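Student: Please take a close look at the backbone at a single place in this model. Then carry the account onward to the side chains and the pockets, in one connected answer.

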Amino acid sequence: MNKQLGVIGAVWGVLGLCALLLWAIYRLSFYALEAWAAPWAWWHWVFFVGWMVFMVYGEGYKGFQKGFSPRVVARAGYLSRHPVWWHVALAPLYCMGFIHATRKRRIVTFSVTAGVVALVLLVSLLPQPWHGIVDLGVVAGLSYGVVAILAFALRALAGRPVDFPTDVPGSEAQAG
């Protein structure tokens with residue numbers, strides 16, 4: 001039963017988090033599509049290209065592929081081996097590092113979340129096409145992130161565990 005609970009927690013953590021990110025992608029897509037209806041000047045195109053490169057590289061590759069995604073899957077693996085009922089119930093939050101994480105991980109997780117909320121509020125004040133251009137980049141970065149999470153999860157399912165710090169208390173040097 002404990003092994004089954006752990007597997008349920010790992011699957012719920014990864015798929016629940018992916019569902020949350022896909023919901024954000026879906027919601028932002030409407031604003032992103034509105035940008036195409038607005039007239040674009042050359043500076044909008046210059047910003048768009050630069051922003052897309054920045055978001056795919058900065059958020060997608062550096063943020064998700066090199067940090068967030070492998071940690072999510074490593075924490076899901078740790079949860080599968082050490083299930084606690086309430087960690088399993090809150091598995092997406094567990095995998096993100098909001099609960100049962102080192103103090104440093106919780107500080108980083110809450111800080112990044114607060115920063116994202118602040119940026120969402122600021123971007124909502126922008127007129128089109130700027131609002132949509134920014135959201136196009138965010139959609140690209142988040143999409144990269146979902147693919148990265150699923151790729152790391154499939155790798156782990158194939159028997160190649162993700163060697164990344166889990167940041168659970170008492171295992172600062174441990175990898176998942």
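**From one backbone residue to the pockets**

Tutor: D167 lies in the segment after α6. The model is a predicted one, and the values below are computed from its atoms. The phi angle of D167 is near 55°, which is positive although the residue is not a glycine. As a general rule, residues other than glycine mostly have a negative phi, and peptide bonds are mostly trans. D167 has a relative accessible area of 12%, and it counts as buried because the limit for that class is under 20%.

A second residue invites comparison with this backbone angle. H100, in the loop between α4 and α5, also has a positive phi without being a glycine, with a value near 45°. Its surroundings are described by a relative accessible area of 28%, so H100 is partly exposed. The other half of the general rule, on peptide bonds, has its own exception here: the bond from Q128 to P129 is cis, with omega near 5°. P129 belongs to the loop between α5 and α6.

The side chains come next, beginning with the aromatic rings. Across the whole structure, the search returns 15 aromatic pairs. One of them joins Y26 and F30, whose ring centres are 5.0 Å apart and whose planes meet at 85°, an edge-to-face arrangement. Both residues belong to helix α1 and are separated by four positions, about one turn of the helix. Y26 is partly exposed at 44% relative accessible area, and F30 is partly exposed with a value of 44%. W36 and W45 supply another pair, with centres 5.9 Å apart; their planes stand at 45°, so this pair is tilted. The accessibility of W36 is 41%, which makes it partly exposed, and W45 is likewise partly exposed at 41%. W36 and W45 also belong to a cluster, linked by ring pairs, that takes in W40 and F48.

A ring can also meet a charge. The charged end of R75 is placed over the ring of Y94, at 4.5 Å from the ring centre. A further aromatic residue, W86, is part of helix α3, which covers residues 85-89. W86 is partly exposed, with 38% relative accessibility. Its C-alpha atom is 9.6 Å from that of G9, while the two residues stand 77 positions apart in sequence.

The cysteines can be settled by a distance argument. A disulfide requires two cysteine sulfur atoms within 2.5 Å, and under that rule the count is zero. C18 takes part in no disulfide, and the nearest cysteine sulfur to its own, belonging to C95, is 9.8 Å away. Seen from C95, the closest cysteine sulfur is that of C18 at 9.8 Å, so the separation is too far for a bond. C18 is buried, at 5% relative accessible area, and C95 is buried as well, at 1%.

Two pockets complete the picture. The largest pocket has a volume of about 1,300 Å³. It is lined by 39 residues, of which E59, V112, V116, V138 and L142 are the closest to its centre. Two or more lining residues come from each of α1 (2-37), α2 (42-81), α4 (91-96), α5 (103-123) and α6 (130-157). By class, the lining of the largest pocket consists of 26 nonpolar, eight polar and five charged residues.

The second largest pocket holds about 520 Å³ of space. It has 21 lining residues, and A10, G77, A153, A156 and L157 are the closest to its centre. α1, α2 and α6 each contribute at least two residues to this lining. In the second largest pocket, the lining comprises 15 nonpolar, four polar and two charged residues. The helix α6 thus has a place in the lining of the largest pocket and in that of the second largest pocket, and D167, where this account began, belongs to the segment after that helix.

Key: Residues numbered from 1 in each chain as written. Predicted model: local features only at pLDDT ≥ 70, side-chain atom pairs only at ≥ 80, totals over all residues. Heavy atoms only, no water. 1 Å grid on protein atoms, 1.4 Å probe; cavity = no way out; pocket = protein on both sides within 12 Å on 5 of 7 lines; lining within 4 Å. Points joined across faces, edges and corners; volume = space filled by probe spheres on them. Nonpolar A, V, L, I, M, F, W, Y, C, P; charged D, E, K, R; others polar. Buried < 20%, exposed > 50% of the residue type's maximum accessible area, 1.4 Å probe, protein only. Phe/Tyr/Trp six-rings, centres within 6.5 Å; stacked < 30°, edge-to-face > 60°. Lys NZ or Arg CZ within 6 Å of the ring centre and 35° of its normal.
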